[in-house]
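Good morning, and thank you for the time. I should like to introduce a structure that will be new to many of you, and I ask that you keep it in view while I speak.

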Amino acid sequence: MATINDFLKEWYSADDYVIAHTSGSTGIPKQIKLLKKDMVVSAEATNRFFGINSDSVLISPLSTDYIAGKMMVVRAEIAGCRLIEIPVSNRIELPCAVDLLPVVPSQIPSILENRCSDKMIRNLLIGGAPLSDKLAEAVKSRGINAWLGYGMTETCSHVALRKVGEESIFTAMPGVEFRTDARDCLVILSDKYSWGSLVTNDVVRLIDSRRFEWLGRFDNVINSGGIKIHIESLEREISLLIPELSAFYLVGIPDEKWGTALAMVAVNPPVDIMEKLKATLPDKKKLPKKVFVVNNLPVTANGGKIRRIVPDSINRIY
């Protein structure tokens, strides 16, 4: 695993780019080149938004193998402030008060266990994977000033932010605008970055050129018997209706009758899970046809879901 010093050597090399790797949550992980000038644009925008300056303290519990960890180094270098590297772990122990702490959702529970987290963390920046409503409510109730970022490796971290615990609308960073394509997928526009325009596979509800609501991945829209199901939205609904169902995701499986049928992959679901789903889900057309019980769910390094069914890992089927 790369360290901050490893990345600094690359950052101050003669090359005008650095090597980064995508997380693999939406496809096979790949290596890409990011222009340093684009990373500077992103870092400057984030520093302005969060008021990061030479007196600030940043803490990073993220690997510099990935963009989130790299950008914390760039932000600190641009601001000329202190950056503290702590172990990459789901158990976060803060050595001091921090002005900006980036995390992935799986690291949040340990932060919530710290009774002083609301006083120690001035800004919590969450990324890497969607944030569940349950975690969002827990963060809000603790009074932690938290922001959820929207972005990807190609955009050098987030291009939009939304306040956790408030409306589910993302607002563009300075110099960034949005539109949608024929699929209702987000298109990111900016004359500040070398890429200029990026077409995503994220289905959104566009509010205006600077605001949108994220609905889910176009790749994860299942057409089951002519009914289109946005599985991320349905997962959020199920999580609220059946809170004891803590670890699961939805997938599409081939089906002779429906073409593609909706299925659930879950860890330790209630034995009456099918009955609970039938009783609680208001739209019966979106009921999973099967539930596959497994010991664990595959995730990326950032905690993102890797939606696949591994036959050998199935314990039982409802």
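Allow me to begin with a definition: an axis here is a line fitted to C-alpha atoms, for a helix over the stretch in contact, and angles between N-to-C directions run from 0 to 180 degrees. I should also say at once that this is a predicted model.

With that in hand, please turn to the start of the chain. Helix H1 covers residues 4-11 and helix H2 covers residues 36-50; their axes come within 12 Å and cross at roughly 120°. How should the placement of H1 relative to H2 be described? H1 is oblique to H2, because an angle that is neither under 35 degrees, nor over 145, nor from 65 to 115 counts as oblique.

Which residues make this contact? From H1 come Phe 7, Glu 10 and Trp 11, and they meet Lys 36, Met 39 and Val 40 of H2. By character, the contact of H1 with H2 holds 4 nonpolar residues, 2 charged ones and no polar ones.

Let us stay with one of these residues. Glu 10 has its place in helix H1. Is Glu 10 buried, partly exposed or exposed? Its relative accessible area is 23%, so Glu 10 is partly exposed; the buried class would require a value under 20%. Leaving aside residues up to four places away in sequence, Glu 10 touches Val 18, Ile 19, Lys 36 and Lys 70. By contrast, Glu 177 is 167 residues from Glu 10 in sequence, and their C-alpha atoms are 31 Å apart in space.

A second residue deserves attention, this time in helix H2, where Asp 38 is found. Asp 38 has a relative accessible area of 4% and is therefore buried. What does Asp 38 touch, once residues up to four places away in sequence are not counted? The list is Cys 156, Lys 192, Tyr 193, Ser 194 and Trp 195. Take Ser 194 from that list: Asp 38 and Ser 194 are 156 residues apart along the chain, yet 6.7 Å separates their C-alpha atoms.

I move now to a pair of strands. Strand E3, residues 57-60, and strand E4, residues 82-85, pair in the parallel sense over 4 bridges. Between E3 and E4 the chain passes through helix H3, residues 67-79, and this β-α-β crossover is right-handed. Within the pairing, Leu 58 stands opposite Leu 83 in E4.

Next come the sheets. One is an open sheet of 9 strands with mixed pairing, in the order E5-E6-E7-E8-E9-E13-E12-E11-E10. Where are its edges? They are strand E5, at 101-103, and strand E10, at 177-180, each of which pairs on one side only. Direction ignored, neighbouring strands of this sheet are turned by 45° against each other on average.

Helix H2 returns here. H2 lies across strand E6 (124-126), strand E7 (146-152) and strand E8 (157-163), and runs at about 20° to E8.

Further along the strand order, several antiparallel pairings can be followed. Strand E9, residues 170-172, runs antiparallel to strand E13, residues 211-217, and 2 bridges join them. Here Phe 170 stands opposite Phe 212 in E13. E13 also pairs with E12, in the antiparallel sense and over 6 bridges. In that pairing, Arg 205 stands opposite Glu 213 in E13, and a hairpin of 2 residues joins E12 to E13. E12, residues 197-208, in turn pairs antiparallel with strand E11, residues 185-189, over 4 bridges. Val 187 has Val 199 in E12 as its bridge partner.

The final topic is another open sheet, this one of 4 strands in the order E16-E17-E18-E19, again with mixed pairing. Its edge strands are E16, at 247-255, and E19, at 314-317. The twist from one strand to the next averages 30°. E16 and strand E17, residues 259-267, pair in the antiparallel sense over 9 bridges, and the bridge partner of Gly 252 is Leu 262 in E17. What packs on this sheet? Helix H7, residues 231-241, does so, touching E16 and E17, and its direction makes about 135° with that of E16.

To close, I would return you to H2, which meets H1 through Lys 36, Met 39 and Val 40, lies across E6, E7 and E8, and holds the buried Asp 38. Thank you.

Notes
Residues numbered from 1 in each chain as written. Predicted model: local features only at pLDDT ≥ 70, side-chain atom pairs only at ≥ 80, totals over all residues. Heavy atoms only, no water. Pairing = 2+ DSSP bridges. Right-handed = clockwise from strand over helix to strand, strands pointing away. Contact = heavy atoms within 4.5 Å. Nonpolar A, V, L, I, M, F, W, Y, C, P; charged D, E, K, R; others polar. Buried < 20%, exposed > 50% of the residue type's maximum accessible area, 1.4 Å probe, protein only.
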